[in-house]
Amino acid sequence: MNLSIGAGMKRYPNTLHTDIIALPGIEMILDLRNLPLPFCSESFDNIYADDIIEHLENVIPTMEECHRMLKPAGKFYMRTTSWKMQNSFRDPTHRHFFTLDSFDFFFPESDVCQKYFWYTKIRFKKLEAREDGQELVFLLEKI
């Protein structure tokens, strides 16, 4: 089973689609500001977070919660607007702006993670981090 947090109008097969608003196709109302989320640990094979992380106040606790809910070696797919695009600043609900290096705190091989290891205990393996037009795309694996 897969989970999509802040799904909006994006749909994935075999996935529980959640959002804070009851949009068409949303199967569960979920407010990501209220952690922990109502799911058991190691419940999901994949978690999708498309254009949601930039709206959240508490990025590290949200990443920790996704890590908790993923099965071992589970995948975390994340898309967010790039800091260098005007689109990032146009939306007044955006709270954070990201670069391809913004999530290095979670990658044990990165200098940032080694230097600031106390920020969080969770770790992901970076499988992909790339620009896709105005978006940044990340594929992380739970370790």
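This is a short tour of the structure, going from the whole chain to single side chains.

**Before you start**

You are looking at a predicted model, in which local features need pLDDT of at least 70 and side-chain atom pairs count only at pLDDT 80 or more, while totals for chains, interfaces and linings use all residues. Residues are numbered from 1 along each chain as its sequence is written, and side-chain values use heavy atoms, with hydrogens and water left out.

**Stop 1: the whole chain**

Show the chain as a cartoon. You will find 3 helices and 7 strands; helices (H or I, at least four residues) and strands (E, at least two) are DSSP runs, numbered from the N terminus. Followed from the N terminus, the elements run β-β-β-β-α-β-α-α-β-β. With a radius of gyration of 15 Å, close to the 15 Å that the globule rule gives for 143 residues, the chain is as compact as a globular protein of that length. That radius is taken over C-alpha atoms, and the globule rule is 2.2 Å times the number of residues to the power 0.38. Along its principal axes, the C-alpha trace spans about 45 × 35 × 25 Å.

Now switch on the surface. About 7700 Å² of the chain is exposed, and carbon and sulfur atoms supply 55% of that area. Such areas come from the Shrake-Rupley method with a 1.4 Å probe; for residues, only the protein chains shown count as cover. Buried residues make up 44% of the 143 residues. Here buried means under 20% relative accessible area, exposed over 50%, and partly exposed in between (1.4 Å probe, protein chains only).

**Stop 2: the sheet**

Select the strands. The 7 strands form an open sheet with mixed pairing, in the order 3-2-1-4-5-7-6. Two strands pair if DSSP finds at least two bridges between them. At the edges sit strand 3 (28–29) and strand 6, each pairing on one side only.

Next, select strand 4 (residues 44–50). How enclosed is strand 4 by the rest of the structure? Of its 7 residues, 6 are buried, so strand 4 is largely enclosed. Strand 1 runs parallel to strand 4, joined by 3 bridges; Ser4 has Tyr48 of strand 4 as its bridge partner. Strand 5 also pairs with strand 4 in the parallel sense, over 6 bridges. To see this pairing, select Asn46, which stands opposite Lys75 in strand 5, and then Asp50, whose bridge partner in strand 5 is Arg79.

**Stop 3: helix 1 and Cys66**

Colour helix 1 (residues 59–69), and pick out Cys66 within it. Buried residues of this helix are Val59, Thr62, Met63, Glu65, Cys66, His67 and Met69. They pack against strand 1 (2–4), strand 4, strand 5, strand 6 and strand 7 (135–142).

Which residues does Cys66 touch, not counting residues up to four places away in sequence? They are Ile5, Ile47 and Phe76, where contact means heavy atoms within 4.5 Å. Cys66 counts as buried, at 1% relative accessibility. Try a distance label here: the C-alpha atoms of Cys66 and Ile5 are separated by 9.5 Å, although the two residues are 61 apart along the chain.

**Stop 4: charged pairs**

Side chains of opposite charge can pair when their charged atoms come close. The structure holds 8 salt bridges, each a side-chain nitrogen of Lys or Arg within 4 Å of a carboxyl oxygen of Asp or Glu.

- Select Lys71 and Asp45, whose side chains meet in a salt bridge (3.3 Å, N to O). The pair links distant parts of the chain, with Lys71 in strand 5 (residues 70–81) and Asp45 in strand 4, 26 residues apart.
- Select Arg33 and Asp31, which form a salt bridge with the closest N and O atoms 2.8 Å apart. Arg33 is exposed at 62% relative accessible area, whereas Asp31 is partly exposed at 22%.
- Select Asp132 and Arg130, another salt bridge (3.9 Å, N to O). Add Arg79 and Glu128: salt bridges that share partners join Arg79, Glu128, Arg130 and Asp132 into one network.

**Stop 5: a nonpolar patch**

Finish at Phe117, in the loop between helix 3 (111–115) and strand 6 (124–132). Together with Trp118 and Tyr119, Phe117 forms a nonpolar patch on the surface, with about 380 Å² of accessible area for the three together. Patches are made of residues with over 30% relative accessible area and no salt bridge; like charges are joined within 9 Å, nonpolar side chains (Val, Leu, Ile, Met, Phe, Trp, Tyr) within 5 Å.
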